[in-house]
Amino acid sequence: MKRITPQNIIFLKPVYVLFVLIPALVFSCASKKEVPKTNTSLEINPKLIFLNYTISKGIDGLKTVDFISKTIVDGKARNSSNKYIKTGQVGDLKCTQLDNKSQILRSVFIKNPLNKIIEFVNDSLQLESKSLKLNKAPLSLRLQLHAETKQIRIAEVIDSLYNTKPLSITKLETK
């Protein structure tokens with residue numbers, strides 16, 4: 001057996017530091033948790049599109065959407081308003097952004113603009129609400145425009161499976 005002398009201790013310290021302390025420090029500080037990969041694609045020049053339509057319901061009950069105007073501006077949308085909902089019901093509208101191959105890029109549901117709920121104070125000073133069914137109403141949309149959008153389709157949800165019937169297609173010019 002080898003005796004421990006001061007010369008041996010001096011020699012052992014660097015070896016001990018290299019092979020025991022450094023790996024222990026490196027592996028003890030490493031995180032065991034896997035970092036989730038985030039897919040954040042920042043658009044270089046985000047754009048907003050403002051669309052104005054008139055929606056009407058004929059005597060036969062069929063809805064028609066007439067295009068009025070569109071405006072495209074630079075900007076990023078804030079939180080979506082109450083008008084846009086996550087899931088639609090029968091009679092609501094679905095607004096879809098499509099690319100040049102008619103593939104869906106983004107879509108949102110819009111509450112039926114022909115069904116309005118108004119609140120008012122009655123004669124007893126109580127708050128009441130009343131549901132109105134309109135035959136004609138304006139429809140204004142503000143959407144974050146996808147970079148590859150070539151057309152915007154507005155369709156009516158016709159059943160609980162979210163099948164839709166197209167009402168209007170607005171084509172965007174390419175510059």
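These are my notebook entries on a predicted model of one protein chain.

**Entry 1. The chain as a whole**

I began with the secondary structure and found one helix and 10 strands. Reading from the N terminus, I noted the order of elements as α-β-β-β-β-β-β-β-β-β-β. The chain has 175 residues, and 25% of them count as buried. I then looked up the accessible surface, which comes to about 13600 Å². Carbon and sulfur atoms hold 57% of that surface. For contacts between residues at least 6 apart in sequence, I wrote down that 56% join residues at least 24 apart.

**Entry 2. Strands E1 and E2**

I went to strand E1, residues 47-57, and strand E2, residues 63-74. The two pair in the antiparallel sense, and I recorded 11 bridges between them. As one point along this pairing, I noted Ile-49, which stands opposite Ile-72 in E2. E1 and E2 make a hairpin with five residues between the strands. In that hairpin I looked at Gly-61, whose phi is positive and near 90 degrees.

**Entry 3. An aromatic pair**

How many aromatic pairs does a search of the whole structure find? I got one. The rings belong to Tyr-53 and Phe-67, with centres 5.7 Å apart and planes at 65 degrees. An angle over 60 degrees counts as edge-to-face, so I entered the pair of Tyr-53 and Phe-67 as edge-to-face. Tyr-53 lies in strand E1 and Phe-67 in strand E2, so the pair ties together parts that are 14 residues apart in sequence. I also checked cover for both residues. Tyr-53 has a relative accessible area of 1% and is buried, whereas Phe-67, at 41%, is partly exposed.

**Entry 4. Salt bridges**

Side chains of opposite charge can pair when their charged atoms come close. I looked for salt bridges and found that the structure holds two.

One of them joins Lys-47 and Asp-74, with the closest N and O atoms 2.6 Å apart. Lys-47 is in strand E1 and Asp-74 in strand E2, 27 residues apart, so I noted a link between distant parts of the chain. Lys-47 is partly exposed at 28% relative accessibility. For Asp-74 the value is 52%, and I wrote it down as exposed because the cut-off is over 50%.

The side chains of Lys-63 and Glu-156 also meet in a salt bridge, at 3.3 Å from N to O. Lys-63 lies in strand E2 and Glu-156 in strand E9, residues 151-157, so this pair ties together parts that are 93 residues apart in sequence. Are Lys-63 and Glu-156 buried or exposed? I found Lys-63 buried, with a relative accessible area of 9%. Glu-156 counts as buried too, at 13% relative accessibility.

**Entry 5. Ser-168**

I next looked up Ser-168, which is in strand E10, residues 164-171. Its relative accessibility is 9%, under the 20% cut-off, so Ser-168 counts as buried. I listed its contacts, leaving aside neighbours within four places in sequence. They are Tyr-53, Val-65, Ile-152, Arg-153 and Ile-154. I had already met Tyr-53 as a member of the aromatic pair.

**Entry 6. Strands E6 and E7**

I moved to strand E6, residues 115-121, and strand E7, residues 127-133. These strands run antiparallel, and seven bridges join them. I noted Leu-127 in E7 as the bridge partner of Val-121. E6 and E7 form a hairpin with five residues between them. In the turn, Leu-125 has a positive phi of about 60 degrees.

I also looked for a nonpolar patch on the surface and found Ile-118, Phe-120 and Leu-132 in one. Together they have about 210 Å² of accessible area. Ile-118 is in strand E6. Its relative accessible area is 38%, and I entered Ile-118 as partly exposed.

**Entry 7. Lys-86**

Where is Lys-86 found? I placed it in the loop between strand E3 (84-85) and strand E4 (93-98). Lys-86 has a relative accessible area of 81%, so I recorded it as exposed. I then looked up its distance to Phe-109, which is 6.4 Å from C-alpha to C-alpha. In sequence, Lys-86 and Phe-109 are 23 residues apart.

Notes: Residues numbered from 1 in each chain as written. Predicted model: local features only at pLDDT ≥ 70, side-chain atom pairs only at ≥ 80, totals over all residues. Heavy atoms only, no water. Helix = DSSP H or I, 4+ residues; strand = E, 2+ residues; numbered from the N terminus. Buried < 20%, exposed > 50% of the residue type's maximum accessible area, 1.4 Å probe, protein only. Contact = heavy atoms within 4.5 Å. Pairing = 2+ DSSP bridges. Patch = residues over 30% accessible without salt bridge, like charges linked within 9 Å, V, L, I, M, F, W, Y side chains within 5 Å. Areas by Shrake-Rupley, 256 points an atom, 1.4 Å probe, with all protein chains shown as cover. Salt bridge = Lys/Arg side-chain N within 4 Å of Asp/Glu carboxyl O. Phe/Tyr/Trp six-rings, centres within 6.5 Å; stacked < 30°, edge-to-face > 60°.
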